[in-house]
Amino acid sequence: MRRLAVLLLAVAWGCSSVDVGGLAESFGAGDIEGVREQLRDLAQQDEADAHLWLMNRAVVDLASGDPPAGIGALRRARDRLDELRSRSYPGWIEAMLSDDRALVYEGADYEHVLVRAYLALLDLACRQGDVIAYLNQMLQRQVDLREGFVTDDGQKPKLAEKSAAIGNWLLAAVEADDPTRRDVVARQLATVLEHEPACRLARVEAERFRREGLCRPGHGVVQVVAMVGLGPYRVARDEPVSSLVLDIAHRVYNARRDRVAIPLNAVSQVQIAGLVLRSDNPEAAWVEVGAVRQTTEVITSVDRLAQAEFDAMRTQMVVRAVVRRIFKLASAELGKSLTERKASPQQTPPAATQGDKRVVRKPETAAEKKKREEEERRQRKKEQQNQVNSFLWDALAWIWVALEDADTRCWALLPASFQAARLELPEGEHEVSVRAAVGGAAVGAEQRVRVRVRAGHTTFVVAQVPSRQGGPPPVTSDPAGVGVRSSDDP
């Protein structure tokens, strides 16, 4: 028991949670280098979850104006996430001794999808040429994740979830430069509207593109893609356990373990990682180019994706926590039975009878009395030891359960939404200004980037607006004054 207690304390000590919400708030406040240092330390201290910190670091790399470094980090993280999800066994069983923090972080579905969206955006910012491959990976990954999740009762609750339309929007924007790909552009814009029917920008652009194509002669397009606000994060919260969840948990547990009687009233609530959506985010990005002014519109709400996945997985999260609780209570009951010392029944010399005549035994001798008293002392000692053992196992079970904590790890630096604005501008150099927007008005600090617009082509501007204060300078696929190319260049 002492060894088990030490093991439990060691596991709990090694599973401390990181304040991911605070990490994101530091990023939103503009402490880019401070966040970079924290992420570097976390990657060194927590090698098993290095891919998670690489995902967060890639956002900082973009903010620092170094998209190629971010691409390298995200490619490693993407490959590691895919490797973890391809494991054939139910990994959560590994966490029975403690909680889900003992597992390597496998990533939420929307994180698996958006790691590819970020790869595409960073590729657009530095033109490495793999953007279409990343976007096709993203679209396929969404289908695989929805189809691949099956609950214990054979249901596929993720099939009803909508996709991240930012992938379709970017694919349409990239393909629009090629006049032979008009059918692809139309199909991708229609898919954006399927998943984001309230997106006015996609509806207007679908109709305009059908009539006019990419743009007017002598003009080019500036596609501003803005990551607006700070995304959702997780915090520990208590969740009540319904009788339905308890029944599912018992069936799951009994399918894998021997049946053990468990006091059901001991599992009235469990702790899970609840989702927190921020209410103080900017609503959009304000974009100005000379006299042209626009606000971005939501193409994909990360908040919505995360909430939809949480709603679909909520019951499963509670079931897992209940099964883990049952395992711990059952283990304590088993330990209690194994350490229980069997007490011999007290031997009381019965009165003997012979016919109708009562026969009284001879008084016990001193030696017999001493032997009887010694046996009674041994029995009392065994009973006392059993009581002590029972108390210790109950205490150990209570400590074991109390050491549980929710797994609050997540991609903390994701935005609340991916938004876009389309500007058609004359060929030449232009200065693009980006600010946070609230209530249709510009707020916070202004950040600028000079771009070169080529006739008949699309220039991308990738902006981060994590808070109402603003964000880092945007990056562009065609910076002004760098490698002047003719309008016929691809």
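## Strand β11 and A442

A442 sits in strand β11, which covers residues 441–453. Keep in mind as you look around that this is a predicted model. Is A442 buried, exposed or partly exposed? Its relative accessibility is 24%, so A442 counts as partly exposed.

Leaving aside residues up to four places away in sequence, A442 touches W286, R435, A436 and A437. The C-alpha atoms of A442 and V287 are separated by 8.9 Å, although the two residues are 155 apart along the chain.

## From β11 to the salt bridges

Strand β11 also takes part in a charged pair: the side chains of R448 and E431 meet in a salt bridge, at 3.5 Å from N to O. R448 lies in strand β11 and E431 in strand β10 (residues 428–438), so this pair ties together parts that are 17 residues apart in sequence. R448 is partly exposed, with a relative accessible area of 45%, and E431 is partly exposed too, at 36%. Elsewhere, salt bridges that share partners join E205, E207, R208, R210, R211, E212, R216, R422 and E424 into one network.

Two members of that network, R422 and E424, meet through their side chains at 3.2 Å, N to O. R422 counts as buried because its relative accessibility is 10%, and E424 is buried with a relative accessible area of 17%. Another pair is D407 with R409, whose closest N and O atoms are 2.7 Å apart; D407 and R409 are both buried. The structure holds 37 salt bridges.

## A five-stranded sheet

Here is a sheet to trace on screen: it is open, has 5 strands with mixed pairing, and follows the order β6-β9-β1-β12-β13. Its edge strands are β6 (297–301) and β13 (475–476), each of which pairs on one side only.

Strand β6 runs antiparallel to β9 (residues 417–426), and 4 bridges join the two. Which residue of β9 stands opposite E297? It is A420.

## Two helices to look at

Helix α6 spans residues 109–126, 18 residues in all, and reaches 27 Å from its first C-alpha to its last, close to the expected 26 Å. Helix α6 is mostly covered, with 17 of its 18 residues buried. After α6 comes R127, which has a positive phi near 50°.

Helix α13 (residues 366–402) contains L392. With a relative accessibility of 37%, L392 counts as partly exposed. Together with V388 and F391, L392 forms a nonpolar patch on the surface, and the three have about 280 Å² of accessible area together.

Methods: Residues numbered from 1 in each chain as written. Predicted model: local features only at pLDDT ≥ 70, side-chain atom pairs only at ≥ 80, totals over all residues. Heavy atoms only, no water. Patch = residues over 30% accessible without salt bridge, like charges linked within 9 Å, V, L, I, M, F, W, Y side chains within 5 Å. Areas by Shrake-Rupley, 256 points an atom, 1.4 Å probe, with all protein chains shown as cover. Salt bridge = Lys/Arg side-chain N within 4 Å of Asp/Glu carboxyl O. Buried < 20%, exposed > 50% of the residue type's maximum accessible area, 1.4 Å probe, protein only. Expected span 1.5 Å × (residues − 1). Contact = heavy atoms within 4.5 Å. Pairing = 2+ DSSP bridges.
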